[in-house]
Amino acid sequence: KIGDFERSIWAINKYISIAPDEANAYDTRGTLYARNGKIDLAIESYKKALKIKPDFWWSLSGFGNMYLFKREYVKAESCYQKLCSSTDKGTRSEGRIYLAYILLYQGKLDDALQVLDDGIGADRMEQAEGNAYKHYLKARIYEEKKNLDLALKEFEKCLEIYRRIYPDDKVAYRASYARLLAE
């Protein structure tokens, strides 16, 4: 986080040398590469993590995101679909968010809204608690479409859900909410 990429890579490679069978080490290296624009190296690290632990959702999402950045949408969707088919309902809920990212990345805002609505419905059926961020994304889409009334409604749903899940967190989303109210 302080911007010392070389030392970060040295440290994570040291971790890998100590624990070469630990998926998280390769995942962390993938994240370091990704955050520093080294997409192909990130993909290789995520692949190694997934070889060790095929259902490691952090690496599946990172792997998918790298393909998304490369505009290889079919490969990205394949990763996200694996998240959606997880045995864990929280991971499935996350996967449904990522599916909307593909459409957002392509500029298909209305299609992304539909995927988010479908995801919210599936979350409701599974009693998963991943809806707050889906409503946040819907708010941002409506804001982009210049429909501030719907954006505000979705943002308020986001806050309601988030506060119910995390009652002690009084600051999450507040700056974005204030900015939207000002608009």
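Leaving aside its neighbours within four places in sequence, which residues is serine 59 in contact with? The residues are Asp27, Tyr46, Ala49 and Leu50, where contact means heavy atoms within 4.5 Å. I will come back to serine 59 after some background.

This is a predicted model, in which local features need pLDDT of at least 70, side-chain atom pairs count only at pLDDT 80 or more, and totals for chains, interfaces and linings use all residues. Residues are numbered from 1 along each chain as its sequence is written, and side-chain values use heavy atoms, with hydrogens and water left out.

First, the overall picture. The protein has ten helices and zero strands. Both kinds of element are DSSP runs numbered from the N terminus, with helices being H or I of at least four residues and strands being E of at least two. Read from the N terminus, the order is α-α-α-α-α-α-α-α-α-α. Along the principal axes, the C-alpha atoms fill a box of roughly 55 × 35 × 30 Å. Of the 183 residues, 42% are buried. Buried here means under 20% relative accessible area, exposed means over 50%, and partly exposed is in between, using a 1.4 Å probe and protein chains only. Taking contacts between residues at least 6 apart in sequence, 43% join residues at least 24 apart.

Back to serine 59. This residue lies in helix H4, which covers residues 57-69. Serine 59 is buried, with a relative accessible area of 0%. Its C-alpha atom is 8.6 Å from that of tyrosine 26, and the two residues are 33 apart along the chain.

Leucine 41 is in helix H3, residues 39-52. Leucine 41 is partly exposed, at 42% relative accessible area. Leucine 41 and glycine 30 are eleven residues apart in sequence, and 7.0 Å apart from C-alpha to C-alpha.

Next, a pair of helices. Two packed helices are described by the angle between their axes and the distance between the axes. How do H6 and H7 pack, and at what angle? Helix H6 (residues 89-105) and helix H7 (residues 109-126) pack at about 170 degrees, and their axes are 8 Å apart. That makes H6 roughly antiparallel to H7. For the terms, axes are lines fitted to C-alpha atoms, for helices over the stretch in contact, and angles run from 0 to 180 degrees between N-to-C directions. Angles under 35 degrees count as roughly parallel, over 145 as roughly antiparallel, 65 to 115 as roughly perpendicular, and the rest as oblique.

On the H6 side, the residues making the contact include Arg92, Arg96, Leu99 and Leu103. On the H7 side, they include Val115, Leu116, Gly119 and Asp123. By class, this contact has nine nonpolar, two polar and six charged residues. Ala, Val, Leu, Ile, Met, Phe, Trp, Tyr, Cys and Pro count as nonpolar, Asp, Glu, Lys and Arg as charged, and the others, Gly among them, as polar.

One residue of H6 to look at is arginine 96. Is arginine 96 buried or exposed? Arginine 96 is buried, with a relative accessible area of 11%. Not counting residues up to four places away in sequence, arginine 96 touches Cys84, Val115, Gly119, Ala122, Asp123, Glu126 and Lys134.

Now two loop residues. Arginine 71 sits in the loop between helix H4 and helix H5 (73-84). Its phi is near 65 degrees, a positive value in a residue other than glycine. Arginine 71 counts as exposed, at 54% relative accessibility. Lysine 146 is in the loop between helix H8 (131-144) and helix H9 (148-165). The phi of lysine 146 is near 65 degrees, again a positive value in a residue other than glycine. Lysine 146 is exposed, with a relative accessible area of 70%.

Last, aspartate 169, in the loop between H9 and helix H10 (174-182). Aspartate 169 counts as partly exposed, at 26% relative accessibility. How far is aspartate 169 from tryptophan 10 in space, C-alpha to C-alpha? The distance is 35 Å, with their positions 159 residues apart in sequence counted as the separation.
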